[in-house]
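Biologist: Please pick one strand of this model and go through it closely, from its pairing partners to the residues packed around it. A connected account would suit me better than a list.

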Amino acid sequence: MFTESLIPGNVSAWFLTDAFFRPSQWFMALEPRHPILYETMTEIVHNLLNIPNVLNPKVVFVTGPAILNHGYKQFLTPLLWTDGIEVLEIFNEVLVGKQKKTVMKVLGNNLSDGNLPKGMTSQQFHKFPHILTIKKNYSELVAYNATLNMTRHERIVKKSGVLHWTKHIYKNARKNRHLKMTCRQYLKWLEKEETSTKKN
């Protein structure tokens with residue numbers, strides 16, 4: 001169960017694990033100016049400026065979970081030097097990294113059997129108390145209006161107007177195909193567009 005007592009007072013960064021045993025990007029709690037976020041944001045800015053095609057970014061490796069995992073590893077560099085790569089397998093324990101800050105990665109309930117920590121069986125994993133649960137009844141049919149039914153997920157998307165980034169890119173691909181360029185080229189193009197708009 002998720003309560004305020006779940007995060008110990010001596011922890012300056014707290015994560016659930018994602019499906020690949022990385023720190024979760026979808027839920028985290030960190031104190032301001034934490035080195036994990038500094039390492040992550042520095043890498044994101046570098047990656048954004050070096051995207052080869054703004055219409056087809058590899059989001060997982062540009063801003064996504066892989067980059068947060070990079071920041072997590074960079075933060076734990078002192079421990080990696082002394083204790084080896086096995087440090088990355090540790091969960092539910094407080095670890096000390098750069099600047100003597102702390103981190104705790106808590107086992108989530110969304111790991112596949114192929115991504116369990118070393119030595120842990122599927123049966124052992126399922127005995128752990130789970131903090132979050134899978135979206136219940138997400139595919140259940142619900143009323144959208146007086147004449148239309150749809151899944152709960154479809155209704156959320158329709159009411160919020162928020163599209164998953166992959167669908168957004170696909171939906172606008174024809175309209176934006178002239179933007180097939182690197183990020184740096186795109187930024188220069190935007191500057192030219194802004195300048196020409198101001199002149200008119």
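**Strand S1 and its surroundings**

Modeller: Strand S1 pairs with strand S4 (residues 102–106) in the parallel sense, over 3 bridges. The model is predicted, and what follows should be read as a description of that model. In S4, Val 106 is the bridge partner of Leu 16.

S1 also pairs with S2: the two run antiparallel and are joined by 4 bridges. Here Trp 14 stands opposite Ala 29 of S2. The two strands form a hairpin with 5 residues between them, and in this hairpin Phe 21 has a positive phi near 65 degrees.

As for exposure, S1 is mostly covered, with 5 of its 5 residues buried. Ala 13, Phe 15 and Thr 17 point one way from the strand, while Trp 14 and Leu 16 point the other way; all are buried.

The side of Ala 13 and Phe 15 leads to the packing. Both belong to the largest nonpolar core, which has 12 residues, including also Ile 36, Leu 68, Tyr 72, Leu 76 and Leu 95. S1 (13–17) and helix H3 (65–75) each supply at least two residues of this core. H3 gives the largest share, 3 residues. Another member, Leu 95, is in contact with Tyr 72, Leu 76, Leu 79, Val 87, Ile 90, Lys 101, Thr 102 and Val 103, leaving aside its neighbours within four places in sequence. Apart from this core lies another, of 5 residues, among them Val 11, Trp 14, Met 104 and Val 106. Trp 14 of this other core thus has its place on the side of S1 opposite to Ala 13 and Phe 15, and Val 106 is the S4 residue already named as the bridge partner of Leu 16. In soluble globular proteins, nonpolar side chains tend to be buried together.

One polar residue next to S1 is worth a closer look. Ser 24 sits in strand S2 (residues 23–30). Ser 24 counts as buried because its relative accessible area is 0%, against a cut-off of under 20%. Beyond its neighbours within four places in sequence, Ser 24 is in contact with Phe 15, Leu 16, Thr 17, Asp 18 and Leu 68. Of these, Phe 15 and Leu 68 are members of the largest nonpolar core. A polar atom of the Ser 24 side chain lies 2.5 Å from the backbone oxygen of Phe 27.

Key:
Residues are numbered from 1 along each chain as its sequence is written. This is a predicted model: local features need pLDDT of at least 70, side-chain atom pairs count only at pLDDT 80 or more; totals for chains, interfaces and linings use all residues. Side-chain values use heavy atoms; hydrogens and water are left out. Buried means under 20% relative accessible area, exposed over 50%, partly exposed in between (1.4 Å probe, protein chains only). A polar contact is a pair of N or O atoms within 3.5 Å; within protein, one must be able to donate a hydrogen and the other to accept it, and residues adjacent in sequence count only if both atoms are side-chain atoms. Contact means heavy atoms within 4.5 Å. A nonpolar core is a set of buried Ala, Val, Leu, Ile, Met, Phe, Trp, Tyr and Cys residues joined through side-chain atoms within 4.5 Å. Two strands pair if DSSP finds at least two bridges between them.
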